[in-house]
Amino acid sequence: MTVDQDTCGARPPRSVVVVGASHAGVQFADRLRAEGYRGEITLVSHEPYLPYQRPPLSKAWLKGAATEESLLLRDPGHYRDQDIELLIGVGVARVERTGDGVVIRLADGRTRRFDRLVLATGAAARRPRLPGSEHPDVLVLRELDHAKSLAGRVAAGPMVVIGGGFIGLEVAATARALGAEVTVVEAGPRLLARAVGEETARTLLEAHRAMGTEMLLATVPSEIVHDESGVRGVRLADGREIPAATVLLGVGAEPRTELAGQLGLACADGIIVDERCLASDGWTLAIGDCTVHHSPAGGRYRLESVDNAVEQANAAAATLLGAPAPERPAPWFWSDQGDQKLQIVGLMGGHTAMRLRVDPDRPRRRVALYFAEDTLIAAECLNSPADFLALRTAFARGRRPGPAELSDPGVPLKKLLSAAVPS
Amino acid sequence: MPKVFYTQPGGEVKVVDGAVGDSVMATAVKNGVKGIVGQCGGTLSCATCHVYLDPAEAGRFPEPGEDEDDMLECTSSDRADTSRLSCQLLLAEGADDLHVTVPETQV
């Protein structure tokens, strides 16, 4: 589809609506204001809360170390100061393009018209078709309400986490630290199969076992067993039953694309967007977990992360204002699991070699470096925040040396990477 | 309530009323102070909340822990004697006003 530049931001619209008010939506609104946009900005969220941070839900919130107030992305007064309208606690039932804008029908029946639409609808927790999984004590974790339910169940008895992904593992570590008996059931042969390499996955597996969590790999659940008193356990395909009072499903998320579907936007495991965050109609902007976008190397991929939400929000704001998208740094991620701090920079897909650096004096510090031929493309840093920063900075400055230059674990990465500056 | 004075590299100052128990990072992010990103929310994972403390006020906070110290060695803008990650600076009850300067870059 071709894009008409005149309708795509050369003249900023007078009003813009963002469906979804999480990391991406709030960043988008703030960025527009920071860039001098003076039109109307409206954020709509189905959740009955002021926009809040999601990453702490599986950690600080569950531990009781965060409050609803400390979770807030911005102070309530910030939205007033910046003249950002918040419509919270109301979903969007329908979106319709009109000749010169978009009409939004809210779930409570109100309709509003805007000049421009941004979809930041996020993703919903996947619920596998598993007998018994509809029971109210079978939980998922994406939203604050989910986190509240989960926090209320940690002391209720043994917990089974189905799925060895980031959310499942973070919850397992937190619940374990709170004294719960925890079992993780992962169908695949290892943890985090889509997110990290084997070496890092193995280290994390050992760490969870050392925390006292039962870790079952290559194990398929067949049913969640419950009776009138509640959830009793998880039955496995081999017939065993693991006792459980609470089950957390941590088997990934589905991008919310219903509204995109109403607009006829191309979707494939997410709303397809380009680097300017334009959807297939060349007009609708889409940002954050609901999107799937083209990598510079070709292919489509979906990133669920705060970093991606922020970068796409900034790109979409530039697009709306008719400016070129800002240059995008390498994606990065983090996950805290008990005393294990994992930080990732870059994407390891397509790597041809991996080099592991273990600090000889502090073996908890492990960095897996991924190379495509002779170029560094990604790194997974465990308990090595300084190495992570040195790597992220190197990526940002285009320093991507090959394995030979980074192999000596006795020399800090910071030194090796600054030595690798092209003269 | 302690007030936090955030000075931009260009000299522009924004004053924010802080809440006791909040960090200097959270106070900035929640009130839209430019140049303090705090993307990880304060878990020492991103080092995008680097600030320079006023030298006269630097002694009010406990020394950086090992991770913070390591990360400060690798921040995007160079470390100075009064560099801190502002997620680690908590506003205490009855604290005096605080003055921090935002660095040129965070990433």
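Let's start inside chain A: buried residues make up 55% of its 423 residues, where buried means under 20% relative accessible area, exposed means over 50%, and partly exposed is in between (1.4 Å probe, protein chains only). This is a predicted model, in which local features need pLDDT of at least 70, side-chain atom pairs count only at pLDDT 80 or more, and totals for chains, interfaces and linings use all residues. Residues are numbered from 1 along each chain as its sequence is written, chains are lettered from A and ligands numbered from 1 in the order in which they are written, and side-chain values use heavy atoms, with hydrogens and water left out.

**Chain A as a whole**

- Chain A has eleven helices and 26 strands; helices (H or I, at least four residues) and strands (E, at least two) are DSSP runs, numbered from the N terminus.
- The C-alpha trace of chain A spans about 70 × 60 × 40 Å along its principal axes.
- Chain A has a radius of gyration of 23 Å, which agrees with the value near 22 Å for a compact globule of 423 residues. That radius is taken over C-alpha atoms, and the globule rule is 2.2 Å times the number of residues to the power 0.38.
- Take the contacts in chain A between residues at least 6 apart in sequence: 60% of them join residues at least 24 apart. Contact here means heavy atoms within 4.5 Å.

**Where chain A meets chain B**

- Chain A puts 27 residues into the contact, and chain B puts in 22 residues.
- The size of an interface is often given as the accessible area lost when the parts come together. Chain A and chain B bury about 2,100 Å² between them, with 49% of it on carbon and sulfur atoms; this buried area is the accessible area (1.4 Å probe) that two parts lose on being put together, summed over both.
- The rule finds three salt bridges across the interface of chain A and chain B, a salt bridge being a side-chain nitrogen of Lys or Arg within 4 Å of a carboxyl oxygen of Asp or Glu.
- Arg362(A) and Glu66(B) form a salt bridge through their side chains, at 2.0 Å from N to O.
- There are also 13 residue pairs in polar contact across this interface, both residues at pLDDT 80 or more. A polar contact is a pair of N or O atoms within 3.5 Å; within protein, one must be able to donate a hydrogen and the other to accept it, and residues adjacent in sequence count only if both atoms are side-chain atoms.
- On the side of chain A that touches chain B, the elements giving two or more residues are α3 (68–71), α9 (306–320), β22 (332–337), β23 (340–346) and α10 (385–396) of chain A.
- The largest share of that side, seven residues, comes from α10(A).

**Two residues with positive phi**

- Most residues other than glycine have a negative phi.
- Ala218(A) has a positive phi, near 50°, and sits in the loop between β12 (214–216) and β13 (221–227) of chain A. Ala218(A) counts as exposed because its relative accessibility is 56%.
- Cys277(A) has a positive phi of about 70° and lies in the loop between β18 (271–273) and β19 (285–286) of chain A. Cys277(A) is buried, with a relative accessible area of 1%.

**A look at Asn383(A)**

- You'll find Asn383(A) in the loop between β26 (375–382) and α10 of chain A, and it is buried at 7% relative accessible area.
- The side chain of Asn383(A) makes a polar contact with the side chain of Gln340(A) at 3.1 Å and reaches the backbone oxygen of Arg364(A) at 2.9 Å.
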